[in-house]
Each structure stands twice: as C-alpha cells, then as structure tokens.
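Colleague: Please give me a close look at the surroundings of the ligand. Keep the words plain, and explain each term when you use it.

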Amino acid sequence: MKKVITYGTFDLFHKGHYNILKRAKEHGDYLIVGVTSESYDIERGKLSVRDSLTTRMENVRKTGFADEIIIEEYLGQKIRDIAKYDIDTLVIGSDWIGKFDHLRKYCNVVYLERTKNISSTMIRNEESNIFNVGIATDDDNDSDVILETKYVSGLNVSDVYSSDKNVAEKFCDRFELNGWETDYDMFLKKVDIVYVRCGLSSRYDLIKRALECGKSVIADSPVALTKKQGKELFELAEKNKCVFLENIITVYLKAFTQLLWMTQGDMRGNTIRVKCAISYDNFSTRNSFADLVSLSSCMIMKILGADYKKFEHNFVRNEAGEINYGTINFSYEDAVGFIEIGNGIELENRLVITGDQATITVKDDWWNTGYFELKRQDAKHVKRYSFNFEGNGFRYLLQELLIMIRDNRYECTRLFPSESLGIIDVLEKIKKG
Ligand code: CTP
C-alpha cells in the first residue's frame, strides 16, 4: 500500500484545499492529512487563523479524501511522521517549492501547482472589515510597526500624524501610506485605531482626544505622566467602549504567559523575591529611562502585584547628571521586588523569580521572553521551557487588539489598568525624589 501525507492549516476551507487533497490522494492508496495546531500557528507567526482546529479537521474529513487526520504540533514533526506512518510520498503545494527537498532522504517529495486566485488570506481579507490604523509619532522611525501589521489580517496602516510637518511627510513617503496630517482632528477622522508613539509630554493629550472620538488606542508605556491622568484615560476608554492597550509587548508573549502561570500555579511555593536587571544599552535611543522603569516595574507588578507596602529607589549619576545606575526596591508583606537599571555600565540582564520551592530564570533580554528555566529545589535537573515568537512581538499585541474589537471586549487581561497605574505611580515617586 502506497502511503501519502500532506500538511496545511486549512483555514476557511476553500477550493484550493479541496483540489490539493484530491490530487494528493491520487498519488497513493492511503492519505494522511496533518492539520496545524493553534499553538504551532501562533509560534510560527500565523496569527489570523479563524477556524478552530476542530472545524479545520472536520472540513478536511468532510472531503472524504483523508484516510487519517493528524495534528501537526511542532517544527520538524514531518520527519517523525514520515517514519512513524511509513510514508512513501509527501505532497505539498507549489508555494513551498524547494522548502522540503531535505525530506527526500526519507520519502518522495512532490510539489503540486497551487489553485490560482484563492487562499485563506484572500478570503479573510474579503470577509472582514479592514481597520485603518493611524500612527501618531514624533520621529520617522517606525520600529517595524508597519511590517508587523502586515502579519495581522484586517489591519492596514493608512495615515500618520505628527505635529512636525517634515516628520509626517517623511514617514508617509517612507512607508507609502495614504496620507499625513499635522492636524490631529483631521487625522482622527480618517482612522479607526490610533497608535500613539509620541514622547511622554504629548502622550496623554493625544490618547485622550482619540478616546473621546471613540477610537481604539495603543500607546507606548507609560500611558500618562500622572496616575490621575492615567485613571482618567482608562475611565474614558471604558465609558466610550474603546479598546485601550499599553504597548508592553512582553505581556503578549506566550512564553511570558506560561512563566506567569508557573509563578502563580505550578511553582506552588511562595514567591519570595523577583529581581530583574535591565541595561539601557540594549535599547534604541528612542527609548527613554522611563521606558526601562516601566518595563521592569511591569514585571514586578505582574508577578507580585501592585499593592506593595514600601518603595525605595537610589540613582547614581555621572557628571553630566545622567543616570549610570539605579536600583528600585518594592517591599511586600512577604516578598521583595528588586530592579537594577544600568546605562553604559556592565550589567547582567536577567529576570530571576525565587520561590521557597523553585527558581525561575529568564536570561539575557528577558523582556523578549521566549525561553526560561525552572529549577525546583527537590529536583536534580533544570526544566527548560521555550516558545518562539516571530518578529519583534508587536503582531501579538495587534492580534489581541483585533480580537478584542471584534468580540466587543474592552478590558485588557494581559495588563490590568491597576498595573498600568502602578507603573505610572512608580515613575511619579521617582520624579518626586
Ligand atoms: N493550496 C493550494 N492552492 C491554494 C491554496 C492552498 O494548493 N490556492 C495548498 C497549499 O499549497 C498547501 C495546502 O493547500 O499545500 C494547505 O495550505 P494552507 O496554507 O492551509 O492554505 P492557504 O490558502 O495558502 O492559507 P494562507 O493564505 O493562510 O497562507
């Protein structure tokens, strides 16, 4: 018996899928179809899949071509499947030409011509409303926002606003957008979602005006200069039913979600200390000192909560008055949070969560959490957890935003308003000295 295998996501099942399954079956006597799992698709950056795994498998089953349906869960699984199911031929569409040649050691590989003018992406784009995203900025660097948006079906960066005409014009030309504005009210009329990535001094005002117009907003962190302003923004978003997300990408990453779960669930024992170190040298000059404080305070808030009892900070400055090194201490009833921030000095970037039964460590650029280690006191070995994310991670925030808009869900569960306000409070305390 000649066994054939083929793989795909098979989202919004269409004629192209039907054709390839039919032709794959013709290459043998027994056809196995591998359907990608949801987490595998997220990991490889395919974020816009609409149908659940069950629906996608059911649609494949309904064609009657598949003798067996399996789930594809990880990169490299194809080699295991070929051996496990004793496969003769792997069939795949011509969009993958050359990509599976290395599997010829294990079985025949056949690339079939794709059916023209149809794809899941095309259907998704036709079916759904496209939301216009506008960027309010004060520089012409986009931090890959435009590129990241391209990976989320249903979003289109259309316009840019800047109070500086040169910046607006340059940004618009550089990223081939529909238009630019120096008049914020005009800009707001043209877009559905606003990404406020301006300096702190204008951030609150721009967010507020967008929310007043009923727009969904993404804003760089911290979202305001004072806790009072921040509170006002979250209340306004709730009142006007607007999705309002703070741009701290870490909390949208799957590995971080897993880590958080382990500190609160699986790690079991009590968390005693959270320590994180962060160096300014790892960031672009666009980032301010406040950004680093935001990011590291966010970790403390997420793991230990926003209701600390005591707060202390200490900064060492150079002759020019710039901060070289700083520490921030949070004292809780039964735990301690400790932040170290360095600028131009050697610092070991690391997030360490110490509990009375286990320790979790995220090495190096912990804010891009993709991998962490867990060492239980009673275990001989370290357990390693990893979950890849694509690009700079911003697409995962955008995807969450889109789902929230479509589901009419307004409360962000990745970063609660109390945590965002906690971050602003830290910055206010530091400013007061
Ligand atoms: N396929 C095809 N012709 C099409 C679309 C897909 O032959 N018009 C094939 C692919 O080459 C692949 C299989 O169907 O072998 C599953 O493809 P999948 O990625 O699930 O479908 P797409 O429509 O390409 O999805 P997307 O737009 O999300 O990439």
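Modeller: The account below starts with the shell around the ligand, goes on to the domains, and ends with some single residues elsewhere in the chain.

This is a predicted model, in which local features need pLDDT of at least 70, side-chain atom pairs count only at pLDDT 80 or more, and totals for chains, interfaces and linings use all residues. Residues are numbered from 1 along each chain as its sequence is written, and side-chain values use heavy atoms, with hydrogens and water left out.

There are 19 residues around the ligand, and Asp95, Thr115, Ile118, Ser120 and Thr121 come nearest. A residue is near a molecule or strand if one of its heavy atoms lies within 4 Å of it. By class, the shell has five nonpolar, 10 polar and four charged residues. Here Ala, Val, Leu, Ile, Met, Phe, Trp, Tyr, Cys and Pro count as nonpolar, Asp, Glu, Lys and Arg as charged, and the others, Gly among them, as polar.

Oxygen atoms of the ligand have polar partners in the protein. A polar side-chain atom of His14 lies 2.9 Å from one oxygen atom of the ligand, and a polar side-chain atom of Lys46 lies 3.4 Å from an oxygen atom of the ligand. From Ser120, a backbone N or O atom lies 2.8 Å from a ligand oxygen atom. On its own the ligand has 570 Å² of accessible area, and the protein covers 92% of that. Such areas come from the Shrake-Rupley method with a 1.4 Å probe; for residues, only the protein chains shown count as cover.

Strand 1 (3–8), helix 1 (15–25), strand 4 (89–93) and helix 5 (120–127) each supply at least two residues of the shell. Helices (H or I, at least four residues) and strands (E, at least two) are DSSP runs, numbered from the N terminus. Domain 1 (3–112) and domain 2 (120–248) each give the shell at least three residues.

The domain assignment also lists domain 3 (254–388); its bounds come from an automatic or database domain assignment. The centres of domain 1 and domain 2, taken over C-alpha atoms, are 38 Å apart. The contact between these two takes eight residues from domain 1 and eight residues from domain 2, where contact means heavy atoms within 4.5 Å.

Now to backbone details away from the shell. Most residues other than glycine have a negative phi, and most peptide bonds are trans. A cis peptide bond joins Ser221 and Pro222, with omega about -5°. Pro222 lies in the loop between strand 10 (216–220) and helix 10 (227–239). Lys241 has a positive phi, near 50°, and sits in the loop between helix 10 and strand 11 (244–247). Lys241 is exposed because its relative accessible area is 55%; buried means under 20%, exposed over 50%, and partly exposed in between (1.4 Å probe, protein chains only).

Glu400, in helix 13 (residues 394–406), counts as buried because its relative accessibility is 9%. The side chain of Glu400 makes a polar contact with the side chain of Arg414 (3.2 Å). A polar contact is a pair of N or O atoms within 3.5 Å; within protein, one must be able to donate a hydrogen and the other to accept it, and residues adjacent in sequence count only if both atoms are side-chain atoms.
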